[in-house]
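Visitor: I am new to this structure and would like to learn how to read it. Could we look at it together, one feature at a time?

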Amino acid sequence: MQLNLTVNQQSDVPKYQQLVNAVNNAIANSILSKGDALPSVNKVCKEFNLSKDTVFKSYQILKEQKVIDSVPTKGYFVANANKKVLLVLDTFKAYKEVLYHSFVKNLSKEIKVDVQFHHYNIKNFKNIINNSLGNYYKYVVMNFDHKEVSKTIEVIPNENLLLIDWNIHTKKEKNYIFQDFGTSFYNALTLHSGAISKYKKVSFIYPTFTYHPIETVTFCEQFCTENNIPFEVTENIEEFEIEKATLYISVSDRMLGEFLKQCKIKNLEPGKDVGILSYNETPMKQFIYKGISVISTDFEQMGKKAAGFVNGNASIQQYISTNIILRNSI
């Protein structure tokens, strides 16, 4: 068996980790299978000009990962040929659960998934990526708005990395499956302008704690301007008070709860006296208060497409459209 290893002396990746990566990549690409013998420590040292300490450390890490094992006098062999993929999400909300289950359901049986969450914290994000290098066949990463994200993911080869959800700090050569927070959002509003225009005003609830892309606010304002609908942005949730004949667009499920609470207190009927359009579909929104209208990308489709990237070797660059599902709340 030939290890595809070129030791890069200038790389920030230590030599032992480069060897770990080479073994994991050989397994991921079916060059190595369960039960196959690995080259001896002496052979690896000679062939790649590595010290014994470096090779021993690499093999020890692989043993701790349960990728390889050893038998005295017989050497090292592949103990587990399952391919592993790392899924990095921002937070685990209800609509992310839809994405996750679709992703896992559509993966090949020999592929196992580890999930981690960065919570929009760049320190957490960098630790997740740096500590995972060489441990996974492919990486599916949910992007977020921080200037160090792009540099952090550069250590992952393009063919092994898929960015999902948000097109920010990426490059044209990357693989991606994104939702469109701009034009597709605007088109969805336009398609249902009749239902929206029955309200005297549109209020976009965009609280200061949200990480939702601001471009949706910009495109919503453009839609309202073109349709002569008064528009406002509500950021201060402490002073949030619903008004009759107003349609609210909310990117926060917390604020959806506050909206419904105030409807009950003020005896206002959603869909008649006041309207709500909630961002991101979840399994429960169709059952809440006779049905909550949503504007959402198809997270099930996003998970399925992401699984397709992991299962195969083809590159992908695709946007998943955003659509409105009308229910009784408008």
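Guide: Let us begin with a helix, bearing in mind that this is a predicted model, in which local features need pLDDT of at least 70, side-chain atom pairs count only at pLDDT 80 or more, and totals for chains, interfaces and linings use all residues. Residues are numbered from 1 along each chain as its sequence is written, and side-chain values use heavy atoms, with hydrogens and water left out.

Visitor: Which residues of helix α5 are buried?

Guide: Buried means under 20% relative accessible area, exposed over 50%, and partly exposed in between, with a 1.4 Å probe and protein chains only. Helices (H or I, at least four residues) and strands (E, at least two) are DSSP runs, numbered from the N terminus. In α5, which covers residues 122–132, the buried ones are Ile122, Phe125, Ile128, Ile129 and Ser132.

Visitor: Why do these buried residues lie on the same side of α5?

Guide: An α-helix has 3.6 residues a turn, so residues three or four places apart point the same way. The buried residues here cover an arc of only 125° around the axis, and therefore share one side of α5; the arc is that of the directions from the helix axis to the C-beta atoms. On the other side of α5, Lys123 and Asn131 are exposed.

Visitor: What do the buried residues of α5 pack against?

Guide: Contact means heavy atoms within 4.5 Å, and the partners of these buried residues are β3 (83–89), β4 (111–117), β5 (138–142) and α6 (149–153).

Visitor: What is found at the start of α5 and just after it?

Guide: A polar contact is a pair of N or O atoms within 3.5 Å; within protein, one must be able to donate a hydrogen and the other to accept it, and residues adjacent in sequence count only if both atoms are side-chain atoms. At the start of α5, a side-chain oxygen of Asn121 comes within 2.9 Å of the backbone nitrogen of Lys123, while just after the helix Gly134 has a positive phi of about 85°.

Visitor: How does α2 compare when it is read in this way?

Guide: In α2 (residues 41–48), Val41, Val44, Cys45 and Phe48 are buried. Their arc around the axis is only 100°, which puts them on the same side of α2, and they pack against α1 (15–28), α3 (52–64) and β2 (75–78). Just after α2 comes Asn49, with a positive phi of about 55°; Asn49 sits in the loop between α2 and α3 and counts as exposed, at 67% relative accessibility.

Visitor: Is Asn143, in the loop between β5 and α6, buried or exposed?

Guide: Asn143 is buried, with a relative accessible area of 2%. A polar atom of the Asn143 side chain lies 2.5 Å from the backbone oxygen of Ile168, and the residues that Asn143 touches, leaving aside those up to four places away in sequence, include Val149, Leu163, Trp166 and His169.

Visitor: Where is Asp165, and what is its phi?

Guide: Asp165 belongs to strand β6, residues 161–165, and has a positive phi of about 85° although it is not a glycine. With a relative accessible area of 7%, Asp165 is buried.

Visitor: How many helices and strands does the protein have?

Guide: The protein has 11 helices and 14 strands, and buried residues make up 48% of its 330 residues. Its C-alpha trace spans about 80 × 35 × 35 Å along the principal axes.
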